[in-house]
Amino acid sequence: MTATTTHSTQSATPEKRIPQTSTAGPGWIKWAQVAGLIYLLLVAVSLIGSGFKISAGDQAKELFAFASNPVAGLVIGTVATALIQSSSTVTSIIVGLVAGGLPVSIAIPMVMGANIGTTITNTIVSLGHVRRGDEFRRAFAAATVHDFFNLLSVAIFLPLEIMFGFLEKMGASLAGLLVGRDAMDVGGFNFIKPIVKPPVKFLENSVLGGLPDMATGVVMALLGILTIFVVITLIGKLLKSLMVGKAKDILHSAVGRGPISGITSGTVITVLVQSSSTTTSLIVPLAGSGVFSLRQIYPFTLGANIGTCITALLAATAVAGPNAIFALQIALIHLIYNFLGVVFIYGIPFLREIPLWAANKLAEATMKSKLYVVGYVLIVFFIAPLILIGGSNFLGI
């Protein structure tokens, strides 16, 4: 009886494992959902561009006169991203705004500000260690080194861009090479246009056809922005469930191998999950627990800066018409700016040490009083931007 029972138990075991093969089904379903959400993202960006064109007409530039100041553009990008906690969402919206007539020169400070605003997520994650002394100090330093790098990058490149416009010129040249200088409507490059155009035209002509142009354009733009919010959130959740486990494996095996490996792994993981906030938030608890040092995770956060550009580049493929090349241009500028920031700042030893020094000093201060954390968040992400806007208006910049 015992042998028979054992045999029947063993033979039952494989039968229980058979249903596990069906887990590939939900995996494929999730990837199909990701593909569908990416399509909605492209449609949403097209909606924003079309909506602004319809509502503003030839006065699109006047519509954005409030942001004609580069400092105001920087502040808008910073505050919007700090509130939304998604640079991918903000940069996708910026691409749509450029497609609708926002000048590239104003959009550039906005994407710089988005880089700053997205780092607030890391700081929030680090607060999970707030009651654990040295662990919190390490986690907070790991969170804010990304902040200080982006602040330093803006301090260096924004004045240079205002004086020389080098990012705008580089983006225009690269976009011209990719698209063809004689084809301002992206020509054969934009294979996305035939896919996204039908739902946009259906909404414009059928659903909203009875409304005045101004109302139609505003509704389309708002619907596009709302869709981007929802899509980015859902894509983030799906990709986390699909990729974060693998991302942690890559992270553990690559971060400690040196700067190039750290930058590369940060870039790859961010491309996979389409969220620099996700990848940099993964590293904060590991730094807090002492698995990695601040100097080890520093390059990883820089790679996240580069990887996050994928969403804006993807969104730019949805744009058609005379402003299509400018939408591609601002997406490329975002990539160029983040890449140059890594090469220039991390490549020069003196500049490389500044974010590390600042993060360590601030973390040490928080050990004396947690009010430094509150003050830091309020000043960097909200108070300083308001002061900058007031000061620039007073000086007439």
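**A walk through an all-helix model**

Among contacts in the chain between residues at least 6 apart in sequence, 84% join residues at least 24 apart. Keep that figure in mind on the way through this predicted model. The chain holds 18 helices and zero strands. It has 397 residues, and 51% of them count as buried. About 18,100 Å² of the chain is exposed, with 69% of that area supplied by carbon and sulfur atoms.

Start at helix 7, which covers residues 120-126. Serine 126 belongs to this helix. Is serine 126 buried or exposed? Its relative accessibility is 0%, so serine 126 counts as buried; the cut-off for buried is under 20%. What does serine 126 touch, leaving aside residues up to four places away in sequence? Its contacts are Phe136, Ala139, Phe140, Ala143 and Val284.

Next comes helix 8, residues 134-164. It has 31 residues. At 1.5 Å a residue, these should span 45 Å. The end C-alpha atoms of helix 8 are 45 Å apart, so the model agrees with the expected span. The helix does bend, however: the angle is about 25 degrees, at threonine 144. Just past the end of helix 8 sits glycine 165. This glycine takes a positive phi of about 60 degrees.

Now move on to a loop. Helix 15 covers 310-316 and helix 16 covers 324-347. Threonine 317 lies in the loop between helix 15 and helix 16. Why does threonine 317 count as buried? Its relative accessible area is 19%, and buried means under 20%. How far is threonine 317 from serine 46? In sequence, the two are 271 residues apart. In space, their C-alpha atoms are 9.4 Å apart.

Finish at helix 18, residues 371-395. Isoleucine 379 is found here. Its relative accessible area is 47%, so isoleucine 379 is partly exposed; that class lies between 20% and 50%. Ile379 also belongs to a nonpolar surface patch. Which other residues make the patch with Ile379? They are Val374, Leu378, Ile383 and Ile387. The patch measures about 450 Å².

Look back over the stops. Serine 126 in helix 7 is buried at 0%, and threonine 317 is buried at 19%. Isoleucine 379, by contrast, is partly exposed at 47%.

Notes. Residues are numbered from 1 along each chain as its sequence is written. This is a predicted model: local features need pLDDT of at least 70, side-chain atom pairs count only at pLDDT 80 or more; totals for chains, interfaces and linings use all residues. Side-chain values use heavy atoms; hydrogens and water are left out. Helices (H or I, at least four residues) and strands (E, at least two) are DSSP runs, numbered from the N terminus. The expected span of a helix is 1.5 Å times one less than its number of residues. The bend at a residue is the angle between axes fitted to the seven residues ending there and the seven starting there. Buried means under 20% relative accessible area, exposed over 50%, partly exposed in between (1.4 Å probe, protein chains only). Contact means heavy atoms within 4.5 Å. Accessible areas come from the Shrake-Rupley method with a 1.4 Å probe; for residues, only the protein chains shown count as cover. Patches are made of residues with over 30% relative accessible area and no salt bridge: like charges are joined within 9 Å, nonpolar side chains (Val, Leu, Ile, Met, Phe, Trp, Tyr) within 5 Å. A salt bridge is a side-chain nitrogen of Lys or Arg within 4 Å of a carboxyl oxygen of Asp or Glu.
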